[in-house]
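Colleague: I am new to this one, so could you take me through it and tell me what stands behind each term?

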Amino acid sequence: MLRIAIVEDEKECQASLVEHLSKYEKEHGDNFIVRTFYDGIDILDDYTSEYDLIFLDIHMKFQDGMTTAKKIRELDDSVIIVFITALAQYAIEGYKVNALDFILKPVVYEQLEGTLDKVLKIADKYHKSKEIIVADDGAKRKIDTEDIYYIEVVGHTIVIHSKAGVFETRGKTLKAIAEELNEFGFVQSGQSHLINLKFVDKIKGDVVTVAGDDLFLSRSRKKDFIAAFAEYVGMEI
């Protein structure tokens, strides 16, 4: 099931998107939950990270799509964003907010179908998780991989940085953990760090910013890491 938001101020375009999504559901046997908004301000009002995919119109009366996308990224770094526009020139700027794709107006079913194919491929591959046992104040607790920013090795200790805090565990090497978590979107950036691609903010030079932390990207792993990240967000390199 895919949770989708449509932010589009043109009623005809909004209705067309809803109709195309319904057609895709029937043809591909999928199930969508769709909510519609008429402006960027509307979706940002009490925003919660409940959506898997957001269709954003570039030009809206009160708050444009690019501004809305930047504000959404401050609150939600994993939702897939697809822009709707009459002008393809916004494609480059869209990469600043990790937009997956652009759909040109008037929206035709074939283009939407291709975009949804990419979205579902990403969802199927990375919306999986497993639990890791960590130490927590003398006790043991489970941490879901969906909530882990990155894992690092410090001496003989594995340190897990997550939404719930920082925890430690022992008994496995970073290499062994990397092999276990590869199918869940984790990739090594160097000998000391294993990164969840879901939380990568940006890659610049030899630095990967993950959930606000700058981590070293080794020269030997840089090419493979960038390729894995490009595949994750659906970009071509």
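**Strands, core and turns**

Modeller: Let's start with one pair of residues: I133 has K142, in β7, as its bridge partner. The model is predicted, so local features need pLDDT of at least 70 and side-chain atom pairs count only at pLDDT 80 or more, while totals for chains, interfaces and linings use all residues. Residues are numbered from 1 along each chain as its sequence is written, and side-chain values use heavy atoms, leaving out hydrogens and water.

Colleague: What makes β6 and β7 a pair of strands?

Modeller: Strands pair if DSSP finds at least two bridges between them. Six bridges join β6 (residues 131-136) to β7 (residues 139-144), so the condition is met. The two run antiparallel and form a hairpin with two residues between them. In that turn, D137 has a positive phi of about 55°.

Colleague: And how are the helices and strands themselves found?

Modeller: They are DSSP runs, H or I over at least four residues for helices and E over at least two for strands, numbered from the N terminus. The chain has seven helices and 15 strands.

Colleague: How do you know whether the chain is compact or extended?

Modeller: The globule rule is 2.2 Å times the number of residues to the power 0.38, and the radius of gyration is taken over C-alpha atoms. For 237 residues the rule gives 18 Å and the chain has 19 Å, which is close, so the chain is as compact as a globular protein of that length.

Colleague: Which strands make up the open sheet, and in what order?

Modeller: Five strands do, in the order β2-β1-β3-β4-β5, with parallel pairing. β2 (32-37) and β5 are called edge strands because each pairs on one side only. From one strand to the next, the twist averages 20°. α1 packs on this sheet, touching β1, β2, β3 and β4, and its direction makes about 180° with that of β2. Helix α3 (residues 65-75) touches β3 and β4, at about 150° to the direction of β3. Here, axes are lines fitted to C-alpha atoms, for helices over the stretch in contact (heavy atoms within 4.5 Å). Angles run from 0 to 180 degrees between N-to-C directions.

Colleague: What makes a set of residues a nonpolar core?

Modeller: Its members are buried Ala, Val, Leu, Ile, Met, Phe, Trp, Tyr and Cys residues, joined through side-chain atoms within 4.5 Å. The largest such core has 23 residues, and L2, I4, L21, L53, F55, L112 and L116 touch the most other members. Among the elements giving two or more residues are β1 (2-7), α1 (11-28) and β3 (53-57); α5 gives the most, seven. Another core, of 19 residues, lies apart from it and includes L44 and M66.

Colleague: Why is D46 called exposed?

Modeller: Exposed means over 50% relative accessible area, buried under 20%, and partly exposed in between (1.4 Å probe, protein chains only). D46 has 69%, so it is exposed. D46 lies in the loop between α2 (40-44) and β3 and has a positive phi of about 60° although it is not a glycine.

Colleague: And what about A211: buried, partly exposed or exposed?

Modeller: Its relative accessible area is 34%, so A211 is partly exposed. A211 sits in the loop between β14 (207-210) and β15 (213-216), with a positive phi of about 50°.
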